[in-house]
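Student: Please take me through this model one question at a time. I like to hear the reasoning before the answer.

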Amino acid sequence: MLSLISRSAETGLIIVVVALFAARLTLPRLKSGVVSKLVITVFALLFLLNMTLWGSKTLLLQDAFRLDHFALFFKGFFLLAGIFIFMIAGHFQDTLAKRIYEFYSLFTLATLGACFLVSANNFLVLFLSIELITFSLYVLTTYWRTQITSIEAGTKYLVVGAFSSAMMLFGISFIYGTTQTINFHDCRSAFTVLSAQPSFTLLHLGLILVLAGIGFKISAFPFQLWAPDVYQGAPTPVTAFLAVVSKSAGFAALMRLVLLATGGWNAVWILMLALIAAATLLYGNLGAIPQLGGNMKRFLAFSGIGHAGYLLMAMICQNAQGYQALIYYLVVYAIATLTIFLGIVLTDPSQSDMKHNMSDFQGLLARSPMLGFSFFVAILSLAGVPPMAGFFGKFLVIQAVIEKGMWLLALIGAVTIAISLYYYLNVIKLIYADQPNDTSSIKIGFGYQLTFICLNLSLIFLGVFQAPLLHLIAKTI
Amino acid sequence: MTLSLENYLIVSGMLFAIGALGVMTRRNLIMILLSIEIMLNAVNLSFVAFSSYGDNVTGQVSALFVIAIAACEVAIGLAIAVLVFQSQRTISTDAVSRLKG
């Protein structure tokens, strides 16, 4: 048991946080580029260490901590995403100057929360790890404290986040009250007994409140209002973290909850969730259209809400096919989103205000072919154009929904894909056909070029050869 | 007269509703933070009530964790309120509503 704990990603991440604080005290003058490279290397090592645990399937720490393929897969995913987010943050470090250590340790803490979340095996650990992510993100969102937009984003995120976590906690207390346990496994048997009765009990109210708390994390329909403002105001690396790690952690928690704690939903629940998915799809995809010509990060927030809708569609299927589609879609969405955010920070090397208006991207292809091409691949993947991986993700989701016989939901999904094509292709037109305001070419370092090539190739590779990833995902469920 | 579990739950539900209303209607950041505290304390009350009537100590342990979480949340919230005050000379949430569209 001790060897499992010492090799788990969490132990490593805690050591990283402590080391960063120690370095803050002893080596305050270390170059920020060095810190960034060190942290990236450690994350890569932790990823490899995490993979050595592959195959273990056990419960630790008095059944509070579950180590299995699902948890290990997502921990690897978060660590890899963390590496790319540190690369995005590496471009932000001149703005940070002295406060670089705190910035990196807060990112590490948020990743730690995500890693705990996918291993959670009771409601208290679930809640505490969600709070670890959100608390770090409250501070990170407000991190650029000379900018009023950053402060505003932090304030909004704090108020909405604290409200939803209180709701979730109230729900957990009801679940605890009716089942007398907070363990997922024991709750499951209580749920199966109670869901046989048609009446609405305290347990159902509790579950609704918990789902509302997770709905806030994944920005599903009635809880999505914070997303555009926070995405726009937060420093760009933090926005990338919100869009990739925080959202996928929410979906992983949702899957864990359904697979372990509730053991399936009946028709009423499925109808409710289908309505939420449809509303999320429509809100995100229709809301993105007026953002064309506005702010790039705000636009990505709306398109991100739309993607949460597709992921929820896959969630509703409640079978292996649906979960497989969900995880595949998440991985592909993460790769494309990280490419776009890396492109966004590199387009504006001065980092003067981090506004990132759409007009800054006009004629990007002429200014930097590498950036132009990367945006092209990533946006086509998000839009779901073959042969990019995003197409196959959407195909899997719609296929899973149709095989469950939910034709209306599949139809809404197909219509919103058509809507999303309109605005994504508009962005591509902006990058390819429009005349740039500022014709100076953008220079990209060799490391970043290599990263872009890897990300682009993986998007194309996963679109053409889906089998290896799908095979891996099938093992996790 | 003995208090039943329902009595505690009704008080807890009312406290939660008061807190939720406060978060939604108040414009002062400190008041919003206090309302969130009321919501979290409503949760504590329901955890402890369930725990003592169910003869199970898990709920009380959870309440301890909730107290710690609430303290962290307020610490971060006050830090953000200080930042808002420094830049806007007020802690009204109306002062931070530039992001729109």
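Student: Which residues of α6(A) are met by residues of α4(A)?

Tutor: A word on the ground rules: this is a predicted model, in which local features need pLDDT of at least 70 and side-chain atom pairs count only at pLDDT 80 or more, while totals for chains, interfaces and linings use all residues. Residues are numbered from 1 along each chain as its sequence is written, with chains lettered from A and ligands numbered from 1 in the order in which they are written. Contact requires two C-beta atoms, placed from the backbone, within 7 Å, and helices (H or I, at least four residues) and strands (E, at least two) are DSSP runs numbered from the N terminus. On the α4(A) side are A:Phe70, A:Ala71, A:Phe74, A:Lys75, A:Phe78, A:Gly82, A:Ile85, A:Phe86 and A:Ala89, and they meet A:Phe103, A:Phe107, A:Thr111, A:Ala114, A:Cys115, A:Val118 and A:Ser119.

Student: How many nonpolar residues does that contact of α4(A) with α6(A) have?

Tutor: Ala, Val, Leu, Ile, Met, Phe, Trp, Tyr, Cys and Pro count as nonpolar, Asp, Glu, Lys and Arg as charged, and the others, Gly among them, as polar. The contact of α4(A) with α6(A) has 1 charged and 3 polar residues, and the nonpolar ones number 12.

Student: Are α4(A) and α6(A) roughly parallel or roughly antiparallel?

Tutor: The axes, lines fitted to C-alpha atoms over the stretch in contact, give angles from 0 to 180 degrees between N-to-C directions. Here they come within 9 Å and cross at roughly 165 degrees. Angles under 35 degrees count as roughly parallel, over 145 as roughly antiparallel, 65 to 115 as roughly perpendicular and the rest as oblique. Therefore α4(A) and α6(A) are roughly antiparallel.

Student: What about α6(A) and α12(A): roughly parallel or roughly antiparallel?

Tutor: This pair packs at an angle of about 20 degrees, with the axes 9 Å apart. The contact involves A:Phe107, A:Ala110, A:Thr111, A:Ala114, A:Leu117 and A:Val118 in α6(A), which meet A:Phe241, A:Val245, A:Ala249, A:Ala252, A:Ala253 and A:Arg256 in α12(A). From the angle, α6(A) and α12(A) are therefore roughly parallel.

Student: Is the crossing of α6(A) past α12(A) left-handed or right-handed?

Tutor: A crossing is left-handed if the near helix is turned anticlockwise from the far one by less than a right angle, and right-handed if clockwise. α4(A) passes α6(A) in a right-handed crossing. For α6(A) past α12(A), the crossing is left-handed.

Student: Which helix gives the most to the side of domain 1 of chain A that touches domain 2?

Tutor: An automatic or database assignment sets the domain bounds, giving domain 1 (1–264) and domain 2 (266–477) in chain A. Their C-alpha centres lie 22 Å apart, and the contact takes 35 residues from domain 1 and 36 residues from domain 2. At least two residues each come to the domain 1 side from α4 (69–90), α5 (93–96), α11 and α12 (236–262) of chain A. With 11 residues, the top contributor is α12(A).

Student: And which element gives the largest share of the side of chain A that touches chain B?

Tutor: That contact takes 33 residues from chain A and 32 residues from chain B. On the chain A side, α7 (123–141), α8 (148–179) and α11 (226–233) each give two or more residues. The largest share, 17 residues, comes from α8(A).

Student: Is A:Ser219 buried or exposed?

Tutor: A:Ser219 is in the loop between α10 (202–217) and α11 of chain A, and its phi is positive, about 50 degrees, although it is not a glycine. A residue is buried if 20 or more other C-beta atoms, placed from the backbone, lie within 10 Å of its own, exposed if 12 or fewer, and partly exposed in between. Because A:Ser219 has 29 other C-beta atoms within 10 Å, it is buried.

Student: Does A:Leu61 count as buried or exposed?

Tutor: A:Leu61 also has a positive phi of about 50 degrees without being a glycine, and is found in the loop between β1 and β2 (65–67) of chain A. With 12 C-beta neighbours inside 10 Å, A:Leu61 counts as exposed.

Student: Where in chain A is A:Pro387 found?

Tutor: The peptide bond from A:Pro386 to A:Pro387 is cis, with omega near 5 degrees. A:Pro387 is found in the loop between α17 (369–383) and α18 (389–403).
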